[in-house]
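Here's a walk through a protein–DNA model, written for someone who likes to look at atoms. Keep the viewer open and follow along.

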2 protein chains.
Amino acid sequence: MTSPEKATATVGRKRNHKLDEAILESAIDILAEAGFDGMTMDMVSTQAKVGKATVYRRWSSKAELVRDAMVHMSRNSLNIEHLPDTGTLRSDLMALLKPHSLEYSERKLKVLAGLGSFYAGYQEIAEDAMQGIFEPWSVLNRTLMLRAQERGEISPQADIDMACEIIVAMVTYHSRIEHRVFSKEDYATLLDHILLPALKHAEG
Amino acid sequence: MTSPEKATATVGRKRNHKLDEAILESAIDILAEAGFDGMTMDMVSTQAKVGKATVYRRWSSKAELVRDAMVHMSRNSLNIEHLPDTGTLRSDLMALLKPHSLEYSERKLKVLAGLGSFYAGYQEIAEDAMQGIFEPWSVLNRTLMLRAQERGEISPQADIDMACEIIVAMVTYHSRIEHRVFSKEDYATLLDHILLPALKHAEG
DNA sequence: ACATAATTACGATACATTATAGTTTCGAAA
DNA sequence: TTTCGAAACTATAATGTATCGTAATTATGT
């Protein structure tokens, strides 16, 4: 439930539901910056330019707000466009990269990395959000690799799942740990030096 | 610096340096259980069976204690004494991991998974800690790979630096994002399916 | 050699400071 | 009659400091 429900009163001033979104967006911003424990309700209400009572009128606790903010964030996952078909796996994978930069999902990665203690109480929700963010990209990569496998470009024994996992792992590692963007050149190097040789020469 | 230094006074009662270790071990235990924000200095001193002043006499802040605890933790999970020399790169790399440290490395990954707000609030110290954990391991991995390269087991064009980076990236990704353990078996799979084939068949 | 003073570490605990979740109150607006 | 922003307020919790009586160690005096 991304927007809080409330038996709408028939009389009195109407609730401004645009504030729901403003609050959720602010929560995500601050989660990305400071993590779950670093986020305070005062920071959220200040950045959303609403009173704190307005936040608590919609969500009765910080945990519930964060839970809904994560679901809200996952909803705007990248849209699947048409699959590239250039003839080689390398250029297929690179072509998939072109539309959206790798730093596009930077904020989402930061949010997930800063979830810390929130995981303890809401592990399922957090993992759902994580999947919503990475699955689409991994699915596309996996599809392209499977196609390459079918046409004999890579080995029948190739570990496609792990290759996809390495891609995501390297992007998150560079953005969160090394604090530099995993550029398109880095991505090409990863493909040329490691992943493509491994996929081509995998043995039983 | 895993043990705090202090200009040893010539008079007075001597410091009991066994308490240093007790405090660090307690810190790791609690970090694994509760994460950075869930760990309190009172919990540490209680579990270590020392007074809180004894903790603060050695570390002037929680962040510094956590940093040293992490470095201490990583020291005990590697065989830094002797470089393995088993004849093959695969068993060399595997031998580098301590044989009976499965539970220990699980605890280690739990610790890493609970560090979210440590990164957010103490970025510089947290990065020192991460470097203290992974740098020794990467150095050893690189050395073993270079040796394998010299004896012709892997290609002269092998991208050793990126291979080492992938290892660290996968460990941190699994612990901090996916929140599941990157086990010894996972590590073996990474080597067998991706890294070793890539290193052996790398081309210009 | 022995006693005593000086000095430091120790565990325990009280304290001070600060931070934050959550509540309530206010006047204004719809 | 209800929502709004703003802000005061309460309750709680944790970091870091200070105090206290005691134990360990060294220096000094006899």
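What follows takes the DNA strands, then the contact between the protein chains, then the salt bridges.

One thing to keep in mind from the start: this is a predicted model.

Let's begin with DNA strand D. It has 30 residues around it, and the closest are A:Gly12, A:Arg13, A:Thr54, A:Arg58 and B:Lys52. So what part of the strand does the protein meet? Of the strand D atoms within 4 Å of the protein, 71% belong to sugar or phosphate, and bases make up the rest.

Individual atom pairs show both kinds of contact. On the phosphate side, a polar side-chain atom of A:Thr54 sits 2.5 Å from a phosphate oxygen of strand D. The backbone joins in too: a polar backbone atom of B:Lys62 is 3.0 Å from a phosphate oxygen of strand D. For a contact to a base, go to B:Arg13, where a polar side-chain atom lies 3.2 Å from a base nitrogen of strand D. As for secondary structure, the elements giving two or more residues to this surface are α3 (52-58) of chain A, plus α2 (41-47) and α3 (52-58) of chain B. The biggest contributor is α3(A), with 4 residues. By class, the surface near strand D splits into 10 nonpolar, 8 polar and 12 charged residues.

Now swing over to DNA strand C. Here 24 residues are around the strand, and those that come nearest are A:Met41, A:Lys52, B:Arg13, B:Thr54 and B:Arg58. Sugar and phosphate make up 66% of the strand C atoms that come within 4 Å of the protein. Three side chains are worth clicking on, each with a polar atom by a phosphate oxygen of strand C: B:Arg58 at 2.9 Å, B:Arg57 at 3.2 Å and A:Tyr56 at 3.4 Å.

Which elements supply at least two residues each to the surface near strand C? They are α3 of chain A and α3 of chain B. The largest share comes from α3(B), with 4 residues. In terms of class, this surface has 9 nonpolar, 6 polar and 9 charged residues.

Next, leave the DNA and look at how the two protein chains meet. On the chain A side 34 residues are in contact, and on the chain B side 33. About 3,100 Å² is buried between the chains, and carbon and sulfur atoms give 69% of that area. How many salt bridges cross this interface? The rule finds 0. Polar contacts do turn up, in 4 residue pairs with both residues at pLDDT 80 or more.

On chain A, the elements that give two or more residues to the side touching chain B are α1 (18-38), α7 (118-150), α8 (160-177) and α9 (184-201). Among them, α8(A) provides the largest share, 12 residues. That side of chain A has 18 nonpolar, 7 polar and 9 charged residues.

Salt bridges are found elsewhere, though: a search of the whole structure gives 16 over all chains. Start with B:Asp42 and B:Lys52, whose side chains meet at 3.6 Å, N to O. B:Asp42 is in helix α2 of chain B and B:Lys52 in helix α3 of chain B, so this bridge ties together parts 10 residues apart in sequence. Are these two buried or exposed? B:Asp42 is partly exposed, with a relative accessible area of 42%, and B:Lys52 is partly exposed at 37%. You've met B:Lys52 already, as one of the closest residues to strand D.

A salt bridge with a much longer reach along the sequence joins B:Arg90 and B:Asp192, with their closest N and O atoms 2.7 Å apart. B:Arg90 is in helix α5 (residues 89-96) of chain B and B:Asp192 in helix α10 (residues 184-200) of chain B, which puts the two 102 residues apart. B:Arg90 counts as partly exposed at 34% relative accessibility, and B:Asp192 does as well, at 33%.

Then there's B:Arg67 with B:Asp68, a salt bridge whose closest N and O atoms are 2.4 Å apart. Here B:Asp68 is buried, with a relative accessible area of 4%. To finish, hop back to chain A, where A:Asp85, A:Asp92 and A:Arg147 are linked in a network of salt bridges.

Notes
Residues are numbered from 1 along each chain as its sequence is written. Chains are lettered from A and ligands numbered from 1 in the order in which they are written. This is a predicted model: local features need pLDDT of at least 70, side-chain atom pairs count only at pLDDT 80 or more; totals for chains, interfaces and linings use all residues. Side-chain values use heavy atoms; hydrogens and water are left out. A residue is near a molecule or strand if one of its heavy atoms lies within 4 Å of it. A polar contact is a pair of N or O atoms within 3.5 Å; within protein, one must be able to donate a hydrogen and the other to accept it, and residues adjacent in sequence count only if both atoms are side-chain atoms. Ala, Val, Leu, Ile, Met, Phe, Trp, Tyr, Cys and Pro count as nonpolar, Asp, Glu, Lys and Arg as charged, and the others, Gly among them, as polar. Contact means heavy atoms within 4.5 Å. Buried area is the accessible area (1.4 Å probe) that two parts lose on being put together, summed over both. A salt bridge is a side-chain nitrogen of Lys or Arg within 4 Å of a carboxyl oxygen of Asp or Glu. Buried means under 20% relative accessible area, exposed over 50%, partly exposed in between (1.4 Å probe, protein chains only).
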